[in-house]
Amino acid sequence: MDWNQIEKKWQDKWKEAKIFQANPPTKNKRKGKHKKGVLCTFPFPYMNLTLHLGHALTCLRVDIFARFKRMQGFNVLFPFAFHYTGEPIVGVAKRVSEGDEKQIDILVRSGVPRGEISKFKDPKYIGDYYRGEATEAVDRIGFGVDWRRQFTTVDPPYNKFIEWQYWTLRDKGYVGLGSHPVVWCPRCLSPTGDHDRLVGEGVSPIEYVLLKFECDGAFLVAATLRPETVFGVTNMWLNPDAVYAHVRVDGEDWIVSEEAVQKLRDQLHDVEVLDEFEGRKLIGKSCRNVVVGNEVPILPASFVDPRNASGVVMSVPSHAPFDWAAIADLRRNPKVLKEYGIDPRVVMELEPVSLIETEGYGENPAVELVEAAGIKDQNDERLEDITKEVYRKEFHKGILKKITGKYVGRGVAAVKKELIADFVGEGKAGSLWETAEPVVCRCNTRTIVKILENQWFLKYSDAEWKARVRELMKRMVIVPDEARSAFEYTVDWLEDKACVRRSGLGTRLPWDPEWIVETLSDSTIYMAFYTIANYIYGLGVPSEKLIREVFDYVLLGKGGVDEVAGRSGLDEELLESMRDEFEYWYPVTLRNSAKELIFNHLTFFLFQHVAIWPEDKWPRMVGANGMIQIEGQKMSKSRGIFITLKEALDQYNADPTRVELAYSAEGLTDPDWRVQEVVSLRRRLEMFYDFATRLPETKALDRGIDRWLLSKLNRRIKAATEYFEVLRNRSALQEGFFDLWNDIRWYMRRTDEYSDVLRSAVEAMTLMLAPVAPHICEEIWEKTGHRKFIVQASWPVYDEKCCDEELEVEENLIGDTIEDVKEILKVAKIEKPSRIILFVASSWKYKILEESIKSREDLIKRVMMDPEVKKQGKAAADYAQKLLKNPRHEIITQEKEFQTLAEARDFLTKELGAKVEVLKAEESRHEKAKVAEPLKPGVLIET
């Protein structure tokens with residue numbers, strides 16, 4: 001078969017028939033499934049790079065769901081657009097302009113011809129270039145997109161929509177002006193949002209506590225997120241090779257790393273540098289813990305990064321695994337101490353000070369866990385995980401001990417804010433905003449945390465706003481359900497977020513145009529813009545006519561249509577059509593994205609919807625998927641572990657790519673793209689095509705095996721349908737394609753005459769495969785006599801009346817028996833048995849099985865009330881106990897099991913290559929008869 005020809009053929013036919021151009025039916029036809037439309041969306045991709053397998057993975061889940069719902073009879077809209085906002089595209093243009101070879105290499109390896117590179121100095125050219133590539137790739141993979149509704153985030157009509165969004169949010173009190181800490185690029189002179197970053201997406205500013213330790217007339221200020229542990233400090237760590245500064249901060253003398261000086265200034269402190277020196281100047285001295293009052297030594301530590309926080313670290317070895325490992329290192333290397341004139345006994349005599357009691361931990365958790373893990377030095381990677389474990393458990397479950405004074409008996413989590421307030425109020429501590437890990441802007445500059453004055457923020461910390469989001473999450477479907485906790489966590493910790501920046505592409509803030517709405521703030525409600533974009537772009541509506549009142553009327557139902565028409569200059573009929581289209585498609589049925597976006601984009605999506613619309617317009621379902629890997633490694637552009645969508649389609653075609661992405665994982669599990677698997681799946685699709693288009697002759701038959709196939713078919717339909725509903729595409733494929741194919745193969749092994757049920761099963765199998773592999777299924781559908789597109793065909797319907805559990809148990813018995821005998825032959829190395837005797841279990845065992853299925857409670861006691869069972873004594877009790885440990889759920893009588901195997905003797909003889917006899921256990925005293933169990937016959941092989 002010619003994959004390229006088939007895929008191009010059906011893509012052209014879909015386009016010609018306008019299959020994916022979704023329109024609301026006329027109002028008098030809106031009944032049943034057409035009463036409301038189904039709107040499925042995927043976050044529009046950034047046009048700073050070509051689409052890759054990560055985009056395809058996430059978008060495919062939406063496309064599969066859209067195709068599935070369309071086949072169920074729903075009117076489905078799947079639109080697509082392109083994100084130009086912010087620094088991503090501008091960052092590429094800057095790096096190309098500067099001749100950044102790393103960036104140029106990434107572009108070339110992603111398929112950009114070298115002759116095009118010089119044009120990539122223009123951000124608009126970059127966006128348009130990748131938009132063209134993306135449109136082609138989306139069509140080639142077979143995504144059913146309504147392209148009439150496409151736009152970019154720098155289009156004037158979209159700018160007007162974003163302006164309306166922010167006027168609306170401001171009017172409702174969700175946008176404010178104030179001083180807040182932001183991740184700041186000192187080069188761009190602008191806040192650096194998540195999607196404006198090369199490194200550190202999802203990282204937010206955290207307020208560190210600066211605890212004071214008196215030293216040489218100044219305060220060493222140690223930055224920590226665990227200020228309660230100050231009661232257990234045994235020493236201080238400084239980097240001997242780093243430069244430190246003696247600075248006067250707001251009138252008080254501090255000692256911090258050179259790098260911390262500018263941070264303090266950027267956070268609105270008055271800072272004067274008095275002196276600078278290497279850290280080794282203070283090594284070996286002591287300082288006074290002003291909270292506790294004791295003296296502690298200052299020790300050398302190369303692991304202290306002067307760029308992190310204040311560059312000063314306090315050591316709490318009882319509760320900080322890294323600290324204990326570092327102390328152990330110094331004890332093993334006394335030469336290091338002597339270099340600084342430190343008596344090794346200083347370190348040898350350091351004892352961990354325990355201050356937190358936590359269930360499941362001993363006196364010194366860090367010491368115990370480090371030693372239990374066999375960690376030998378502070379560079380052991382396992383320390384990171386152990387540290388997280390200790391911190392998490394002690395924060396949530398830890399109780400402060402007597403050494404903490406007035407805080408004794410209080411939970412760490414409960415007392416933390418009070419403790420910080422006390423320390424600050426007593427002049428024993430200050431604060432410094434920092435990120436927990438480095439963040440790098442797309443301009444290649446490491447960011448800082450800056451407190452901005454007169455900065456516009458979204459008030460995500462607002463308690464009332466959060467309460468409404470939680471109400472939405474209660475009623476909304478989140479798939480997989482395990483993602484729900486991540487949403488809840490994000491809502492809990494989310495604080496105010498800068499919504500604008502000074503540089504990059506995007507929409508200017510309408511009331512303060514020196515600011516541009518940033519990338520994660522102009523991408524939260526654009527699904528509503530999709531519903532009307534076909535009118536705006538299709539009719540060429542001038543952007544200047546898209547005044548606030550137009551969006552108020554169309555999207556909120558505010559104002560009279562005649563008044564809005566008069567003010568905007570737009571036709572009343574157009575306004576009413578746009579209003580009707582929005583009402584038909586909204587709310588969003590499905591929004592799906594990668595799991596890493598739960599912590600920003602997807603949660604912001606929820607916040608903004610509850611802010612702007614009433615409950616009947618709130619999203620219905622949100623999905624999250626894993627992050628794709630390539631041959632077991634995380635995809636990385638910089639490391640060359642990267643496959644563009646175009647490359648995958650060129651090498652493996654659309655349907656094999658789609659099936660591999662859908663089948664490789666589901667839920668939050670990270671899928672792993674493996675070439676061997678793609679090739680194998682392509683062969684399976686080709687085999688199915690050959691089989692489905694060359695079916696043997698069938699006729700009307702109603703034998704047990706025919707009814708069995710019909711029963712299995714309906715169970716597969718039910719399971720696959722339920723899985724597709726919740727984006728469990730791997731499981732849906734397993735049931736509706738792979739397992740059903742195995743059922744068909746078994747059916748064809750069991751009989752030489754084929755019922756029309758076989759044809760029905762293959763037809764249903766094709767229908768259930770169609771959302772995932774639409775091109776090959778359209779081809780099969782056409783070649784098997786159907787005139788209608790399969791994408792418009794009806795989804796197979798489950799019929800409970802066709803399910804026959806008894807028949808399924810009987811066929812499972814036959815199949816399992818064959819496998820058991822073959823395994824015995826293999827283990828015993830018997831190639832040519834002369835006779836095989838199958839022993840059906842004794843009748844009393846069926847009684848115990850039946851009782852165990854009814855209830856496991858008091859099973860042994862209950863079954864022993866039966867005289868026949870009681871007569872078996874210990875054997876009966878042992879079998880009952882076995883069922884309690886390994887319960888069985890299939891039930892069958894002895895007579896039915898005997899009859900099933902006896903009637904299948906010829907088939908069993910053919911499959912096993914030896915004459916097969918079937919006996920009841922009561923008819924033999926052979927040991928194999930005694931061990932027989934219901935649905936697991938005893939097997940005697942004669943050679």
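The paragraphs below lead through a sheet, two helices and several salt bridges of this predicted model.

A good place to start is the open sheet, in which five strands run in the order β2-β1-β24-β25-β20 with parallel pairing. Its edges are formed by β2 (76–77) and β20 (477–479), each of which pairs on one side only. Within the sheet, strand β1 (residues 38–41) and strand β24 (residues 590–594) are joined in the parallel sense over two bridges, and Cys40 stands opposite Leu590 of β24. Against this sheet packs helix α21 (residues 601–612), which touches both β24 and β25 (621–625) and whose direction makes about 150 degrees with that of β24. In general, the strands of a sheet pair through backbone hydrogen bonds, in either a parallel or an antiparallel manner.

Another helix to look at is α23 (residues 654–663), which is mostly covered, since 10 of its 10 residues are buried. The buried residues include charged side chains as well as others, among them Asp655, Arg658 and Glu660, together with Val659, Leu661 and Tyr663.

From here the reader may turn to the salt bridges, of which the model has 80 by the rule applied. Side chains of opposite charge can pair when their charged atoms come close. One such pair is Arg67 and Asp63, whose side chains meet with an N to O distance of 3.1 Å. Both residues belong to helix α2 (residues 53–71), where they lie four residues apart, about one turn of the helix. An α-helix has 3.6 residues a turn, so residues three or four places apart point the same way. This salt bridge counts as lying between buried residues, because Arg67 has a relative accessible area of 2% and Asp63 has one of 1%, and buried means under 20%.

The surroundings of two further pairs can be read in the same terms. Asp690 forms a salt bridge with Arg694, with the closest N and O atoms 3.2 Å apart; here Asp690 is partly exposed at 36% relative accessibility, while Arg694 is exposed, with a relative accessible area of 58%. The side chains of Arg888 and Glu890 also meet in a salt bridge, at 3.5 Å from N to O, and in this pair Arg888 is partly exposed at 24%, as is Glu890 at 30% relative accessibility.

Finally, salt bridges can also be followed through a group of residues: Lys9, Glu779, Glu782 and Lys783 are linked in a network of them.

Conventions. Residues numbered from 1 in each chain as written. Predicted model: local features only at pLDDT ≥ 70, side-chain atom pairs only at ≥ 80, totals over all residues. Heavy atoms only, no water. Buried < 20%, exposed > 50% of the residue type's maximum accessible area, 1.4 Å probe, protein only. Salt bridge = Lys/Arg side-chain N within 4 Å of Asp/Glu carboxyl O. Pairing = 2+ DSSP bridges. Contact = heavy atoms within 4.5 Å. Axes fitted to C-alpha atoms, helices over the stretch in contact; angles between N-to-C directions.
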